[in-house]
Amino acid sequence: MKLIGSLTSPYVRKTRIVLAEKRIGYDFEVDVPWDADSHVANHNPLGKIPVLIMDDGTTLFDSRVIVEYLDSVNPVSRLIPEPNRRRIMVKRWEALADGICDAAATIFLERKRRDAEQSPEWISRQQKKVERGLETAAHELGDKKWCDGNAYTLADIALGCTLGYLAFRFPEIDWRNTSPNLADLSDRLEKRTPFMETVPQG
Ligand SMILES: N[C@@H](CCC(=O)N[C@@H](CS)C(=O)NCC(=O)O)C(=O)O
């Protein structure tokens, strides 16, 4: 199978980390949807990455659908627990982490517009989502080792990618000092080989 994505997207990074943790081989094609010569829209009508092209040609998007599929492909290191309550709580963590990225990416894009076209109200609305999201993540992680308690799951991968994205694009957001438990989780995650091999670059 083939994964299409960029080297900066936190959703692509999450997917690549899941592929590595599940020991699933794949080809990686770098394609940035903002580039004029991008082919992403040929594979995903929404024009977004990641896109997974399965061996039979079926395309999968978005990252939450892809990683759920990948987790079911083989039993190696289950990343989404099977019991319903834990499963849904892990997916809730993923929605929280991805939602923080959605808001942060919106700010990043808004700031790329000409000064006169930027909306301070829109940026402020997104900043509050990031702030509240981080506060919630820190509160719910508490003093647990992993988001789901004792088990490393997709929740940690999603949150780790979000924190990595914020560190990459928004170094001014001081989550390391305000939430030492998030900093500790991020430090432990970034030492794992799949994280080290997918550090955002560009
Ligand atoms: N919910 C989607 C979000 C994907 C997404 O927004 N990807 C960005 C890159 S970080 C993208 O492709 N943006 C291009 C666009 O919106 O046109 C997922 O999890 O896959």
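# Exercises: a ligand, its pocket and a cavity

The ligand occupies the largest pocket. A pocket is an open set of points on a 1 Å grid over the protein atoms alone, with protein on both sides within 12 Å along at least five of seven lines. A molecule sits in a pocket if more than half of its atoms lie within 2 Å of its grid points.

This is a predicted model: local features need pLDDT of at least 70, side-chain atom pairs count only at pLDDT 80 or more, and totals for chains, interfaces and linings use all residues. Residues are numbered from 1 along each chain as its sequence is written, and side-chain values use heavy atoms, with hydrogens and water left out.

## Exercise 1

List the residues around the ligand, then sort them by class.

**Solution.**
- Step 1. Look for residues with a heavy atom within 4 Å of the ligand. They are Ser9, Tyr11, Pro33, Trp34, Gly47, Lys48, Ile49, Pro50, Asp62 and Ser63.
- Step 2. Apply the classes. Ala, Val, Leu, Ile, Met, Phe, Trp, Tyr, Cys and Pro count as nonpolar, Asp, Glu, Lys and Arg as charged, and the others, Gly among them, as polar.
- Step 3. The shell has five nonpolar, three polar and two charged residues.

## Exercise 2

Find polar contacts of the ligand (pairs of N or O atoms within 3.5 Å).

**Solution.**
- Step 1. Take serine 63. An N or O atom of its side chain is 2.5 Å from a ligand oxygen.
- Step 2. Take aspartate 62. A polar side-chain atom there lies 2.9 Å from a ligand nitrogen.
- Step 3. Take isoleucine 49. Here a polar backbone atom is 2.9 Å from an oxygen of the ligand.
- Step 4. Check the cover. On its own, the ligand has 520 Å² of accessible area (Shrake-Rupley method, 1.4 Å probe). The protein covers 78% of that area.

## Exercise 3

Describe the peptide bonds before proline 50 and aspartate 62.

**Solution.**
- Step 1. Isoleucine 49 and proline 50 are joined by a cis peptide bond, with omega about 5°. Proline 50 is in the loop between α2 (40-43) and β3 (51-53). Helices (H or I, at least four residues) and strands (E, at least two) are DSSP runs, numbered from the N terminus.
- Step 2. Phenylalanine 61 and aspartate 62 also share a cis peptide bond, with omega about -5°. Aspartate 62 sits in the loop between β4 (59-60) and α3.

## Exercise 4

What is the volume of the largest pocket, and which element gives the largest share of its lining?

**Solution.**
- Step 1. The volume is about 860 Å³. A volume is the space filled by probe spheres set on the points, which are joined across faces, edges and corners.
- Step 2. The lining has 27 residues, and the closest to the pocket's centre are Ser9, Tyr11, Trp34, Ile49 and Ala105. Lining residues have an atom within 4 Å of a point.
- Step 3. α4 gives the largest share, seven residues.

## Exercise 5

How many cavities of 30 Å³ or more does the structure have?

**Solution.**
- Step 1. A cavity is a set of grid points where a 1.4 Å probe fits but cannot get out. The search finds two.
- Step 2. The largest cavity holds about 60 Å³ of space. Its lining includes Ser9, Arg13 and Tyr165.
- Step 3. α1 and α6 each supply at least two lining residues.

Note on methods. Polar contact = N/O pair within 3.5 Å; in protein donor to acceptor, adjacent residues only side chain to side chain.
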